Amino acid sequence: MSASSYVITTRTGTHFGAGTSASIFVTLFGERGQSAKHKLGGLFRRVFSAGDVDAFTVSSDDLGELYAIELSNESLFLKDDWLVEEVTVTRGARQWRFPMFAWLPGNSSVLTLEGAARTPAKVRSAKEAAGRAREISQRRELYAWRPRAPGVDLPGSLDIRPDHPLPAAERYRDLADKSYEVTYAETYAEVRLSAPVLAQTWSALTGMAELLKDLGLPRVSDAWADDLEFARQCVQGIAPVLLQRMTAVPEGMTLTDEVCYGLLEPGVTLATAIATARMYLVDLSILEGVPLFCKGTGEGAERRWAPPARAVFFRHGDGHLHPVAIQLGRDPATCPVFTPNDGPLDWLAAKIYFRSAEGNVHQIATHAVRTHFSLEPIIMAAMRNLASAHPLYKLLRRHFRYTLAINEGARQTLLADGGVFDEFIATGGPDKGYLQLAQRAWKQWRFADQRLPDDLRLRGVDDPYALPYYPYRDDALPIWNAISAYAQGILSLAYRNDADVAADPELQAFWRDLTENGIPADRFPFAALTRLHDVIDLARTFIFVASVGHSSVNNLQYEHYGWVPNAPLATHRPPPTRKGEITDADIARMMPSLAQSMSQVAIGRALSTFGKDEEFLYQKGGWYRSYFEEPEALAVEARFLQHMREHCERVLVTNEVRPVPYEILSPDRVTCSVTL
């Protein structure tokens with residue numbers, strides 16, 4: 001067999017610590033055999049520094065078509081890791097690309113498949129098939145399912161222990177650069193500078209401007225107590241997915257025409273408003289019976305409240321919602337219905353209690369369960385069963401980025417015993433109310449509800465004539481449609497028909513693993529993954545939730561929670577059971593302490609601060625990394641990015657006439673994956 005020269009070109013990442021001084025070796029795998037293990041390097045020149053593109057020539061027998069390479073990092077130091085963007089191999093006019101975009105830890109090896117997108121049916125040889133199987137086998141060891149805790153029903157997740165760390169491919173690229181833990185620490189340190197001045201006279205009602213003087217005031221700081229602002233946050237705030245059309249007065253809520261006097265429009269009765277789709281509701285009854293923070297006994301006990309509140313809104317002729325009523329529980333005997341007709345302190349207190357309850361539901365159910373933790377089992381099943389050359393893997397991989405890392409970070413820092421949430425959230429504390437709340441949310445979770453059109457229809461908020469002003473819906477729908485076309489375009493290149501889908505062993509293994517270990521099969525609208533339409537449906541919904549779904553409930557956290565009176569994540573007085581008894585002192589005592597306020601500000605800012613290497617649905621010049629190389633697939637990507645560019649322009653124009661701009665669903669602000 002004649003010898004051939006292969007040029008190995010490596011591209012090292014640009015992040016801090018990306019380079020390595022370790023010895024790097026490569027082995028080439030082709031249809032005619034494999035090469036020897038070649039050391040990459042040279043005398044008198046430094047290689048593998050951050051941002052470097054290095055080329056090396058190795059000699060080997062003619063291996064035919066290459067299907068994989070193996071890189072080995074042999075280091076004298078345990079932490080001499082290497083951040084590899086990609087490797088290309090050239091022989092004459094032929095070039096093979098091996099995309100990686102991951103860390104190669106010291107004293108480890110990784111097999112990477114050639115970059116062409118192929119289903120198992122299109123594999124060219126038995127050796128290539130064996131390479132795919134080996135890659136998947138390696139990943140299955142790295143991505144093990146976490147054993148189920150007795151009595152806990154939550155989505156399947158990655159098992160991480162001291163002897164089984166987070167896989168290197170999932171690590172933050174630069175932990176020193178704006179991971180949420182770092183931003184939290186930086187923000188807490190900044191607001192702490194004001195603490196000595198504020199400590200003796202602290203009130204969240206009067207001290208926030210001083211506390212936030214170096215961070216910038218959230219937009220809500222001037223208008224947080226205003227009724228229109230209260231309603232606006234339901235359609236473009238931190239949890240716009242909680243709003244629903246009210247089709248009847250909720251059970252236990254004493255709401256009549258007399259109670260609503262002057263709050264609707266002249267000549268409009270409550271019954272008429274309901275029948276004509278002008279009444280809307282946010283119902284937080286999921287909190288009913290959830291254990292709330294209680295530490296200690298007697299008068300010295302610390303208690304926090306977040307009542308199972310519900311708020312009713314009326315859509316006025318101007319198209320905007322106006323608040324009509326708030327009830328802080330479900331028992332009419334002890335939970336009166338508050339309205340703007342009541343005393344100003346009663347009404348203000350009701351709004352604060354409602355926002356506090358909404359915050360607990362948002363953080364645990366709407367944010368953590370609906371996005372972070374429901375996505376994790378799909379990522380797990382893909383990493384464990386789909387080769388890196390699989391078209392579905394290539395389509396989704398961009399939208400996996402950092403999610404397993406941030407989820408584990410949340411478990412270790414936010415939700416752990418004594419963690420950040422225990423410091424200030426009402427459902428934290430010894431009784432782990434947030435865990436019960438999460439399980440309730442997961443029990444209600446259905447895949448079909450995550451599709452945007454179905455979600456809007458089920459909540460009765462899909463009609464722009466009935467609800468003209470709903471920025472979340474109006475900005476999200478064009479992205480949903482573009483993602484649908486994108487997923488269909490890519491996957492239709494891979495599968496000609498349903499028979500191809502049913503015959504794909506990697507895809508079928510993905511489905512079995514997902515439904516046996518991650519998400520029960522009865523949560524999906526299809527019993528098997530044997531139709532092309534269903535694969536497209538799964539892909540588009542995953543991408544939407546990972547991008548738009550998460551951004552819509554995450555990226556406004558500082559704007560919403562940074563001004564603590566707008567939405568304290570715990571109230572410190574029990575909700576009133578009668579009207580007319582709330583005083584100014586009661587409002588002040590409801591608010592979090594200085595330390596709790598500082599924690600809420602810091603976590604709100606940390607969870608809504610982008611990192612330098614964030615990747616968005618639209619980026620001028622294209623995405624940082626490319627998983628596809630086929631012209632047809634690249635054309636589909638280009639069309640999607642063009643749609644995103646056009647939507648950026650639409651959002652910019654629309655925001656000029658909105659009372660408050662809604663910028664987080666402009667595609668250049670929507671992250672591709674759950675990274676925060």
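User: Happy to dig in! Which strand does helix 7 run at about 90° to?

Analyst: Helix 7 lies across strand 11, strand 14 (310-315), strand 15 (321-327) and strand 16. Here contact means heavy atoms within 4.5 Å, and helices (H or I, at least four residues) and strands (E, at least two) are DSSP runs, numbered from the N terminus. Axes are lines fitted to C-alpha atoms, for helices over the stretch in contact, with angles from 0 to 180 degrees between N-to-C directions. The strand at about 90° to helix 7 is strand 15.

User: Good to know. How far should I trust the model, and how is it numbered?

Analyst: This is a predicted model, where local features need pLDDT of at least 70, side-chain atom pairs count only at pLDDT 80 or more, and totals for chains, interfaces and linings use all residues. Side-chain values use heavy atoms, leaving out hydrogens and water, and residues are numbered from 1 along each chain as its sequence is written.

User: Which strands are the edge strands of the open sheet?

Analyst: Five strands form the open sheet, in the order 10-11-14-15-16, with antiparallel pairing; two strands pair if DSSP finds at least two bridges between them. Two bridges join strand 10 to strand 11 (residues 279-283), and Arg245 stands opposite Tyr280 in strand 11. Pairing on one side only, the edge strands are strand 10 (244-245) and strand 16 (337-338).

User: Lovely. Is helix 7 roughly parallel or antiparallel to helix 16?

Analyst: Helix 7 (residues 344-385) and helix 16 (residues 532-554) pack at about 150°, their axes 10 Å apart. Angles under 35 degrees count as roughly parallel, over 145 as roughly antiparallel, 65 to 115 as roughly perpendicular and the rest as oblique. Helix 7 is therefore roughly antiparallel to helix 16.
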